[in-house]
Amino acid sequence: MNFIDIALKTINNGEDFVQAMADKYSNPEVDLNQYPGWIKNILTLIDYDSELQMDGLDFKSYKDVLDALNDVGLYDEAHALQELEEDSTEKAAEECYSKLAINNDYELFWDTIFEYADKNLKSTN
């Protein structure tokens with residue numbers, strides 16, 4: 001049993017579940033293909049947030065992040081990143097970065113993810 005299985009069996013609220021998913025860094029060998037998309041979305045957004053805080057924006061594809069943001073309902077964040085996908089100039093990166101939740105409403109960003117997790121936990125139980 002890995003950290004995801006334990007969280008699914010023992011946690012019944014979104015915020016605690018998302019916090020438990022941060023254990024992924026201690027358990028990188030977990031095969032995510034056996035889990036529903038909503039769990040992969042949460043893990044993708046945890047990675048996105050960690051990378052953004054540690055390294056800032058990269059000029060790379062954020063396709064998986066964009067998909068996860070849209071699935072979770074973080075459309076403004078997805079739109080800002082989509083603009084960077086379409087224009088990878090330094091100016092576009094600065095504009096994108098200024099629109100991201102990390103610089104605006106970071107609490108709303110995570111609250112939305114917590115609600116998404118909560119909704120999905122309730123539908124699986």
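A salt bridge is counted here where a side-chain nitrogen of Lys or Arg lies within 4 Å of a carboxyl oxygen of Asp or Glu. In this structure, which is a predicted model, the side chains of Lys63 and Asp67 form such a pair, with 2.8 Å from N to O. Both residues belong to helix H4, which covers residues 63–72, and they stand four residues apart, or about one turn of the helix. Lys63 is partly exposed at 48% relative accessibility, and Asp67 is likewise classed as partly exposed, at 34%.

**Salt bridges**

By this rule the model has six salt bridges, and three of them, including the pair just described, are set out below with their N to O distances.

| Pair | Distance, N to O |
|---|---|
| Lys24 and Asp47 | 2.7 Å |
| Lys63 and Asp67 | 2.8 Å |
| Glu83 and Lys99 | 2.7 Å |

The side chains of Lys24 and Asp47 meet in one of these salt bridges. Lys24 sits in the loop between H2 and H3 while Asp47 is part of helix H3, so this salt bridge ties together parts that are 23 residues apart in sequence. Lys24 has a relative accessible area of 17%, and because buried means under 20%, it is placed in that class. Asp47, at 22% relative accessibility, counts as partly exposed.

Another of the salt bridges joins the side chains of Glu83 and Lys99. Glu83 is in helix H5, residues 75–86, and Lys99 is in helix H6, residues 90–99, so the pair ties together parts that lie 16 residues apart in sequence. Glu83 is partly exposed, with a relative accessible area of 28%, and Lys99 also counts as partly exposed, at 42% relative accessibility.

**How H2 packs with H3**

Helix H2, made of residues 14–21, packs with helix H3, made of residues 37–55, at an angle of about 65°, and their axes are 10 Å apart. The crossing of these two helices is right-handed. On the H2 side the contact is made by Phe17, Val18 and Met21, which meet Trp38, Ile39, Ile42, Leu43 and Ile46 on the H3 side. Sorted by class, the residues in this contact of H2 with H3 are eight nonpolar ones, with no polar and no charged residues.

**Two buried residues**

Helix H3 also holds Asn41, which counts as buried at 11% relative accessibility. The side chain of Asn41 is joined to that of Asp71 by a polar contact of 3.2 Å. When residues up to four places away in sequence are left aside, Asn41 touches Ala68, Asp71, Val72 and Tyr116, so that Asp71 appears both among these neighbours and as the partner in the polar contact.

Ala93, for its part, is found in helix H6, the helix that also contains Lys99. With a relative accessible area of 10%, Ala93 is buried. Its contacts, again without residues up to four places away in sequence, are with Leu57, Phe59 and Leu84. The C-alpha atoms of Ala93 and Ala80 are separated by 9.5 Å, and these two residues stand 13 residues apart along the chain.

Note on methods
Residues are numbered from 1 along each chain as its sequence is written. This is a predicted model: local features need pLDDT of at least 70, side-chain atom pairs count only at pLDDT 80 or more; totals for chains, interfaces and linings use all residues. Side-chain values use heavy atoms; hydrogens and water are left out. Axes are lines fitted to C-alpha atoms, for helices over the stretch in contact, and angles run from 0 to 180 degrees between N-to-C directions. A crossing is left-handed if the near helix is turned anticlockwise from the far one by less than a right angle, and right-handed if clockwise. Contact means heavy atoms within 4.5 Å. Ala, Val, Leu, Ile, Met, Phe, Trp, Tyr, Cys and Pro count as nonpolar, Asp, Glu, Lys and Arg as charged, and the others, Gly among them, as polar. Buried means under 20% relative accessible area, exposed over 50%, partly exposed in between (1.4 Å probe, protein chains only). A polar contact is a pair of N or O atoms within 3.5 Å; within protein, one must be able to donate a hydrogen and the other to accept it, and residues adjacent in sequence count only if both atoms are side-chain atoms.
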